[in-house]
Amino acid sequence: MLIELKSIKVHHKLSEETNAYTANIFVNGKLAGTARNSGQGGPDMYDFKDKALELEVEEFCKAMPPVKFKGGSTEMDLPMDLELFLAKIVEAHIRAKNDQLLLAQKKRWCKSGMVYYRLKGDKAGSYRGLSQLFSPTVAAELRALHGDKVEEIVNETVAAAVVTVGKVR
C-alpha cells in the first residue's frame, strides 16, 4: 500500500506545539481524503472518503515497526499509527523545503566570489567567509590550515548538489 500526502501546506505562523498543516491523502495513487493539524498540540485529524479504506490504512500503519523516539535523556519506541505516519511525512516535507532554501542561499553566496566554510564546533547555521575566489587549491589550503576541523566548504557542497540534481532530473 502506498500512502502519500500531496498539496502539503505548512502554516509556520500557526505552529505552536505541533506542525500546523493541511494536505490531501492519496492511497495507491488515488485521492482518499484530507489531513490537517491546527498546530496547537492536538492530534492530526484526517477525513477519508471511504471509512473501510480508512480502517485498512490504519491497520496497515499499525503493522509497521515502531519508531525510535529520543527526547532529552528519554529514549523509547513509539508504536506506528496513521497519525504518526502522517506526521513523519510532514516533518520530512518541512526538512526537504528547509534544505532547498539553504541550498539556494548557499548558491547565492557562491556567486559572490567568496569562499564560505564551516568548522566543527561552529554555531549551528553559521558560516565563515574568506575573501578569495574558490578553487581546489584554496580548498586544499583551508584543509591544510584547519585539518579535520573543516566540516564543510560551501562552494564544494553547492557544486556537488548541482551535479546530483543534474543526474536525477
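Here are some exercises with worked solutions on the predicted model above.

**Exercise 1: the largest pocket**

Work out how much space the largest pocket holds, which residues lie nearest its centre, and which element gives the largest share of its lining.

Solution.
- Start with the volume: the largest pocket has about 180 Å³ of space.
- Next, go to the lining, which is made of 13 residues. Nearest the centre you'll find Thr18, Asn19, Asn37, Asp44 and Ala87.
- Now sort the lining residues by chemistry: four are nonpolar, five polar and four charged.
- Finally, look at where they come from. Helix H2, residues 82-111, supplies four residues, the largest share of the lining.

**Exercise 2: helix H2**

Compare the span of H2 with the expected one, then list its buried residues.

Solution.
- Count residues: H2 has 30.
- Take the distance from the first C-alpha to the last, and you get 44 Å. At 1.5 Å a residue the expected value is 44 Å, and the helix comes close to that.
- Then pick out what is buried in H2: Leu82, Phe85, Leu86, Val90, Ile94 and Lys106.
- Past the helix, check Gly113, which follows H2 and has a positive phi near 90°.

**Exercise 3: the sides of helix H3**

Find which residues of H3 are buried, and explain why they count as being on the same side.

Solution.
- H3 covers residues 136-146, and its buried residues are Val138, Ala139 and Leu142.
- These three span an arc of only 100° around the axis, so they sit on the same side of H3.
- Turn to the other side, and there Pro136, Thr137 and Ala144 are exposed.
- After H3 comes Gly147, with a positive phi near 60°.

**Exercise 4: Asp122 and its contacts**

Decide whether Asp122 is buried or exposed, and say what its side chain reaches.

Solution.
- Place the residue: Asp122 is in the loop between strand S7 (115-119) and strand S8 (128-130).
- Check accessibility. The relative value for Asp122 is 16%, and the cut-off for buried is under 20%, so Asp122 counts as buried.
- Look for partners. The Asp122 side chain reaches the backbone nitrogen of Leu119 at 2.8 Å.
- There's also a polar contact of 2.8 Å between the side chains of Asp122 and Arg128.

**Exercise 5: positive phi outside glycine**

For Ser7 and Asn28, give phi, then the element or loop, then the accessibility class.

Solution.
- Ser7 isn't a glycine, yet its phi is positive, about 55°. Ser7 belongs to strand S1, residues 3-10. With a relative accessible area of 45%, Ser7 is partly exposed.
- Asn28, also a residue other than glycine, has a positive phi near 50°. Asn28 sits in the loop between strand S2 (21-27) and strand S3 (30-37). Its relative accessibility is 49%, so Asn28 counts as partly exposed. The exposed class needs a value over 50%.

**Exercise 6: Lys70**

Is Lys70 buried or exposed, and what separation does its C-alpha have from that of Thr22?

Solution.
- Locate Lys70 in strand S5, which runs over residues 67-71.
- Read the accessibility: Lys70 comes out at 63%. The exposed class starts over 50%, so Lys70 counts as exposed.
- Last, the distance. Lys70 and Thr22 are 48 residues apart along the chain, and 26 Å separates their C-alpha atoms.

Definitions and conventions. Residues numbered from 1 in each chain as written. Predicted model: local features only at pLDDT ≥ 70, side-chain atom pairs only at ≥ 80, totals over all residues. Heavy atoms only, no water. 1 Å grid on protein atoms, 1.4 Å probe; cavity = no way out; pocket = protein on both sides within 12 Å on 5 of 7 lines; lining within 4 Å. Points joined across faces, edges and corners; volume = space filled by probe spheres on them. Helix = DSSP H or I, 4+ residues; strand = E, 2+ residues; numbered from the N terminus. Nonpolar A, V, L, I, M, F, W, Y, C, P; charged D, E, K, R; others polar. Buried < 20%, exposed > 50% of the residue type's maximum accessible area, 1.4 Å probe, protein only. Arc of directions from axis to C-beta. Polar contact = N/O pair within 3.5 Å; in protein donor to acceptor, adjacent residues only side chain to side chain. Expected span 1.5 Å × (residues − 1).
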